[in-house]
Each structure stands twice: as structure tokens, then as C-alpha cells.
Amino acid sequence: MKASKIAYKPVGLALGVLSGVIAGAAFKQAWKLIEGEGDAPDATDEDRSWKQIVLAAAIQGAVFAVVKASVDRSGAVVIRRVTGTWPS
């Protein structure tokens, strides 16, 4: 196993946690802008419409995917700078 891949394992785990925190905060802010409400609906919230529930799920998925990809890519770039090879 490459040294860069071994070095990336703990970094990747830490970045995964960090990206979850960042994505959660970003989604809350996005939902406030879109719906003007503090909390996004849960799938089982009977007081919310299908439109709100599906929209919230789509936005949440998109935000989490973008944040995770951005954080993972940044981590890989740092590992390449430190070890000289790309963690693959």
C-alpha cells in the first residue's frame, strides 16, 4: 500500500466528520433562504407537503455531495503536497 494512501486514511476520516458538520450547517442556511423556516421537514412530518419534503431531500443531498467532494479533493491535494504522490 502506498505511503500516501496510508497517510490519507486518518485524514480522510477526520475530513468526513468535518464535511458532515459543514454540510449540515450549509443545508440549514440554504433551507432558511428557500423556505424561510428554521427546520427542514422530516419525511414523516404530516404537516408538510410532498413538495417541501422532496425539495428538502434534494437540496440536502446536493449540498452534502458538493461539500464532501470539495473536502475530499482538498484533503487529497494536501496529502500530495506532503507525500509527493496522489492518494488513490
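At 1% relative accessibility, W31 counts as buried in this predicted model. This tryptophan lies in helix α1, which covers residues 3–35, and F27 belongs to that helix as well. The two residues are 4 positions apart, about one turn of the helix. F27 has a relative accessibility of 7% and is therefore also classed as buried. A search of the whole structure for aromatic pairs returns 1. That pair is formed by F27 and W31, with a centre-to-centre distance of 6.3 Å and an angle of 35 degrees between the ring planes, a tilted arrangement. The angle falls in the tilted class because planes under 30 degrees apart would count as stacked and those over 60 as edge-to-face.

The secondary structure of the chain consists of 2 helices and 0 strands. The radius of gyration is 17 Å, well over the 12 Å that the globule rule gives for 88 residues, so the chain is more spread out than a compact globule. The C-alpha trace spans about 55 × 20 × 15 Å along its principal axes. Of the 88 residues in the chain, 23% are buried. The chain exposes about 6000 Å², and carbon and sulfur atoms account for 63% of that area. When contacts between residues at least 6 apart in sequence are considered, 55% of them join residues at least 24 apart.

In soluble globular proteins, nonpolar side chains tend to be buried together. In the present model, the largest nonpolar core comprises 11 residues: Y8, L15, A23, F27, W31, A56, I59, V63, V67, V71 and I79. Helix α1 and helix α2 (50–83) each supply at least two residues of this core. Helix α2 provides the largest share, 6 residues. Both members of the aromatic pair, F27 and W31, are included in this core. I59, another of the core residues, is in contact with F27, A30, W31 and I34 when its neighbours within four places in sequence are left aside.

Contacts and distances around individual residues add further detail. Q52 is located in helix α2 and, with a relative accessibility of 15%, counts as buried. Leaving aside neighbours within four places in sequence, the contacts of Q52 are W31, E35, E37 and P41. W31 is thus a contact of Q52 and also a contact of I59.

Elsewhere in helix α1, S19 has a relative accessibility of 7% and is counted as buried. A polar atom of the S19 side chain lies 2.9 Å from the backbone oxygen of G16. Beyond residues up to four places away in sequence, S19 touches V67, K68 and V71. Two of these contacts, V67 and V71, are listed among the residues of the largest nonpolar core.

Several C-alpha distances relate residues that are separated along the chain. G20, in helix α1, is partly exposed at 31% relative accessibility. The C-alpha atoms of G20 and V67 are separated by 8.1 Å, although these residues are 47 positions apart along the chain. A26, likewise placed in helix α1, has a relative accessibility of 31% and counts as partly exposed. A26 and V63 are 37 residues apart along the chain, with a C-alpha separation of 7.2 Å. Q60, in helix α2, is partly exposed at 35% relative accessibility. The C-alpha atom of Q60 is 8.2 Å from that of A23, and 37 residues separate the two in sequence. V67, V63 and A23, the partners named in these pairs, are included in the largest nonpolar core.

Technical notes: Residues are numbered from 1 along each chain as its sequence is written. This is a predicted model: local features need pLDDT of at least 70, side-chain atom pairs count only at pLDDT 80 or more; totals for chains, interfaces and linings use all residues. Side-chain values use heavy atoms; hydrogens and water are left out. Rings of Phe, Tyr and Trp (its six-membered ring) pair if their centres lie within 6.5 Å; planes under 30 degrees apart count as stacked, over 60 as edge-to-face and the rest as tilted. Buried means under 20% relative accessible area, exposed over 50%, partly exposed in between (1.4 Å probe, protein chains only). A polar contact is a pair of N or O atoms within 3.5 Å; within protein, one must be able to donate a hydrogen and the other to accept it, and residues adjacent in sequence count only if both atoms are side-chain atoms. Contact means heavy atoms within 4.5 Å. A nonpolar core is a set of buried Ala, Val, Leu, Ile, Met, Phe, Trp, Tyr and Cys residues joined through side-chain atoms within 4.5 Å. The radius of gyration is taken over C-alpha atoms; the globule rule is 2.2 Å times the number of residues to the power 0.38. Accessible areas come from the Shrake-Rupley method with a 1.4 Å probe; for residues, only the protein chains shown count as cover.
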